[in-house]
Amino acid sequence: MGYEFDWSVLLEYKGLLITGLLTTIKLSVIGIFLSFIIGSLIGIGRASKNFWLSLFSSYYVESFRNIPLIVQMFFIYFTFTLTNVFPFLNTWGDYLHLNDTNAFFSALIALVLYTSAYIAEVVKAGINAVANGQKEAAQSLGMNSFQVMWFIIYPQAIKIIIPPITNQFLNLIKNSSLAMTLGVAELTFATQQIDSETFRGFEAATAVTILYMILTLFTSFVMNLIDMKFSKGVKNV
C-alpha cells in the first residue's frame, strides 16, 4: 500500500506513552482491589439467607451489570463533580499525580461498580459450590453465621473462583481504555493523541497493543501463581 513505517515516533512520544501506561496501571490496580472487595461483599449478600440483604445485592448486580460501562462513566462524570462532593479526592489526585482528578475517579468508580457486579456473581457461585455439610459441621461446633461464612465457606469458595475472577480482572484492565472518553490520559488516549499529531496511528496502536498484552499477561501470571498455591494447599490437605 506504499505505507512507510516510522517507529522513531514512539521514541519521540515515549513520555506520553509512559504517562498513559502509568495511568492505566493506576486505574487497573486500584480498580481490581476495590472491585474484588465490593464484589466479594455483594456476592456474600447474594448467597445470604437474609431476604433484604439478598434483595439489595440482587438489585446491585442487575443494575450495574446491565448498564453499559461507558454510559455509567458518562453518568457519573456529568452528574457528579466528585472532587466537590468528596474533597479528599483532590489529595489523592495529587498523590497519584493525576492531570484530571474528577475524570479519573469518575472512570474508576464506574469500572469498580461494573466489574464488582460480575465478581459478585462469581463469588455467589463459588459459595454455592461449597458442600452444605461444611456449613452444618461448623454450626455444630457452635459457630455463628458470620464465623461460618468468614472462616469456613468463603476461604473454600476463593479456591474455586480464582480462574473466573482472573477473567474479570483482565476485563477491567481492557475496559479501562474507555476512560479515554472522559479525557483520562491512559494508553488508548495516548494512541489517539499520537495519531492526531503525527498520523502514525499504526505505530502507536502497535506499541499500545503490546503494552496491553504485557499488562494482561502479567496479571494472568500472578493469578496463576496464586491459583497454583491454593491448589497445592488443597492437595496437601
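This report walks through the two largest pockets of a predicted model.

## Ground rules

Residue numbers start from 1 along each chain as its sequence is written, and side-chain values use heavy atoms, with hydrogens and water left out. As the model is predicted, local features need pLDDT of at least 70 and side-chain atom pairs count only at pLDDT 80 or more, while totals for chains, interfaces and linings use all residues.

## The largest pocket

The largest pocket (an open set of points on a 1 Å grid over the protein atoms alone, where a 1.4 Å probe fits, with protein on both sides within 12 Å along at least five of seven lines) has a volume of about 610 Å³. That volume is the space filled by probe spheres set on the points, which are joined across faces, edges and corners. Its lining (residues with an atom within 4 Å of a point) holds 20 residues, and Ala-47, Ser-48, Lys-135, Ser-145 and Met-149 are the closest to the centre.

Helices here are DSSP runs of H or I, at least four residues, numbered from the N terminus. At least two lining residues come from each of α2 (14-47), α7 (101-129), α8 (132-140) and α9 (145-175), with α9 giving the most, six. By type, the lining has twelve nonpolar residues (Ala, Val, Leu, Ile, Met, Phe, Trp, Tyr, Cys, Pro), five polar (the others, Gly among them) and three charged (Asp, Glu, Lys, Arg).

## The second largest pocket

Next comes a pocket of about 390 Å³, the second largest. It is lined by 17 residues, of which Ile-32, Phe-169, Thr-219, Val-222 and Met-223 are the closest to its centre.

Here α2, α9 and α11 (201-236) each supply at least two lining residues, and α11 has the largest share, seven. This lining divides into 15 nonpolar residues, two polar and no charged.
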